[in-house]
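Dear colleague,

Please find below the structure that I am handing over to you. My findings follow directly after it.

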Amino acid sequence: MLAVDGGAPIRAGRAWPVWPQYDAGTERALLAALRSSRWSVSWYAPDGGKSRERRFAEEFARYTGAAYGVSVDHGSSALVIALEALGVGPGDEVIVPALTWVAPATAVLRVGALPVLVDVDPGTGCLTADHVRDALSERTRAVIAVHLACTAAPVDELAALAGETGVALIEDCSQAHGTRWNGSALGTFGDIGVFSLGAAKTLAAGEAGAAVTDDPALYRRMLMLRADSRGYLADAPRPGEYELVEDCEIMGGNYCMSELTAGVLLDQLPRLDTQHAHRAVRAGELEAGLAARAGLGAIPVPAQVDRRAVYEFGIRFEPGVFGAAPVERVAAALTAELGTKVYPPRPPLHRSALLRPRTKARFARIWDDASTSGRTFAGADHYREHTLLLHHSVLLGERGDIDDLLAALDKVRAAYSPRGAAPEQKVAV
Ligand SMILES: *Cc1c(COP(=O)(O)O)cnc(C)c1O
């Protein structure tokens with residue numbers, strides 16, 4: 001009997017890896033930031049030297065291979081300053097994938113532009129150049145491509161299309177820190193790469209974000225846009241000196257990252273690649289197990305990806321593999337077997353409870369109901385109905401964890417599709 005119906009679960013009493021991970025080194029880094037008395041880049045430097053948020057921005061840019069990095073308080077803020085730095089504003093349209101966290105659409109509204117939802121590839125859940133081309137209008141100023149879950153949008157094609165059409169490309173890499181495409185990090189193909197560093201992400205600091213770019217003008221603008229119009233001193237501040245100077249080339253808001261947060265990130269960043277390598281081993285085992293089971297597989301990864309970061313591991317299943325059970329029911333049954341959360345992707349944005357522009361006067365003025373109502377996003381819907389997600393922390397443990405996952409899939413499948421028939425055979429019955 002399935003655990004969800006009161007049976008014995010596949011796994012009981014053995015914990016899964018905890019996320020986020022920290023140790024005595026993280027505690028020392030946080031305490032050092034606390035004791036520095038310099039809790040904000042906006043505060044003076046009692047002992048002189050660069051702020052932690054500036055050092056993190058430099059380290060993170062180096063990690064991605066980009067020329068410049070900017071630290072911010074959230075991934076959402078990184079999206080906002082990226083759009084503002086590119087000059088996107090009222091009257092403009094920005095192409096956003098229908099399948100993603102709500103922030104890319106919200107950020108477009110926050111700068112006064114209209115998010116235009118576009119369907120995605122049903123296999124990867126990501127935008128393709130064809131989808132973008134079909135949605136271009138004279139008002140399109142930018143595309144936000146999201147590298148979703150554990151795979152990558154086709155950045156070379158998207159960058160080529162952006163170049164041809166003069167539309168800006170922002171890569172939202174909040175789910176793909178450190179993924180490499182033909183040797184280069186995601187986030188370096190478009191004009192600006194943005195990253196969330198929220199608690200769930202593979203590089204986590206609770207509430208934080210970053211943007212990277214190779215363009216010095218975009219860098220300067222993003223610095224001021226996130227620090228109330230202030231940029232940095234050219235050199236590190238001397239003891240007692242302020243690091244921010246009132247350059248005021250472009251008016252900003254305050255989206256600065258706290259020094260305590262930056263202290264945590266400076267500790268976490270050097271661990272990221274080791275964690276990616278650990279997850280890659282588990283992901284490979286899981287992929288092999290899925291490939292050996294008819295009707296099951298992993299979310300495809302383009303061949304150009306030579307190092308992939310898993311934020312959420314995606315298991316895809318063909319229609320009928322779990323009988324007539326909808327994805328929510330399959331996910332709940334697996335969760336009960338495993339004692340760790342297995343979940344479907346969020347609903348596409350046109351059906352999302354989180355995208356409600358009519359509830360805020362300044363968004364209601366911009367919003368056009370025609371951009372969602374009555375429209376269908378077949379690729380996004382297919383991905384949503386046939387994908388099961390696991391948080392990346394599930395891949396930070398041992399081989400036995402993967403055996404449990406596969407055993408739970410077999411058990412739930414046997415219960416929901418009793419004949420265990422391959423989907424092709426089921427269709428023929
Ligand atoms: C997490 C996430 C964000 C938002 O980042 P915050 O740091 O929570 O503001 C934006 N885009 C994507 C794709 C995300 O996954």
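A residue is called buried when its relative accessible area is under 20%, exposed when it is over 50%, and partly exposed in between, with a 1.4 Å probe and only the protein chains counted. T340 therefore counts as buried, at 14% relative accessibility.

Two remarks on the source are needed. This is a predicted model, in which local features need pLDDT of at least 70 and side-chain atom pairs count only at pLDDT 80 or more, while totals for chains, interfaces and linings use all residues. Residues are numbered from 1 along each chain as its sequence is written, and side-chain values use heavy atoms, with hydrogens and water left out.

Helices (H or I, at least four residues) and strands (E, at least two) are DSSP runs, numbered from the N terminus. Two strands pair if DSSP finds at least two bridges between them. Contact means heavy atoms within 4.5 Å.

To return to T340, this residue lies in the loop between α10 and β15 (342-343). Apart from neighbours within four places in sequence, T340 touches W16, T335 and V394.

The strand β15 belongs to an open sheet of four strands, ordered β12-β14-β16-β15 and paired in the antiparallel sense. Because β12 and β15 stand at the edges with a single partner strand each, one side of each has no neighbour in the sheet. The antiparallel strands β15 and β16 are joined by two bridges: V342 is opposite L390, and Y343 is opposite L389. Between β14 and β16 there are five bridges, again antiparallel, and one of the pairs there is I315 with L388.

How many of the five residues of β16 are buried? Five of the five are, so the cut-off of under 20% is met throughout the strand. Both faces of β16 are covered, with T387, L389 and H391 on one side and L388 and L390 on the other.

Helix α13 (residues 399-416) has 18 residues. From its first C-alpha to its last, α13 reaches 26 Å, close to the 26 Å expected; the expected span is 1.5 Å times one less than the number of residues. The buried residues of α13 include D401, D404 and R413, as well as I402, L405 and V412. Among the elements that cover the buried residues of α13 are three strands of the sheet described above, β12 (296-298), β14 (312-317) and β16 (387-391). The cover also includes the helices α9 (272-291) and α10 (327-338).

A second strand pairing involves β1 (residues 68-72) and β9 (residues 209-213), which are antiparallel over five bridges. Within this pairing, V72 has G209 as its bridge partner. Four of the five residues of β1 are buried, so the strand is largely enclosed by the rest of the structure.

Another loop residue, L148, is found between β4 (140-146) and α6 (155-165). L148 is buried, with a relative accessible area of 7%. Leaving aside neighbours within four places in sequence, L148 is in contact with residues including L99, C126, Q175 and Y383. The C-alpha atoms of L148 and Y311 are separated by 8.3 Å, although the two residues are 163 residues apart along the chain.

Finally, L34 is found in helix α1 (residues 24-35) and counts as partly exposed, at 38% relative accessibility.

Yours sincerely
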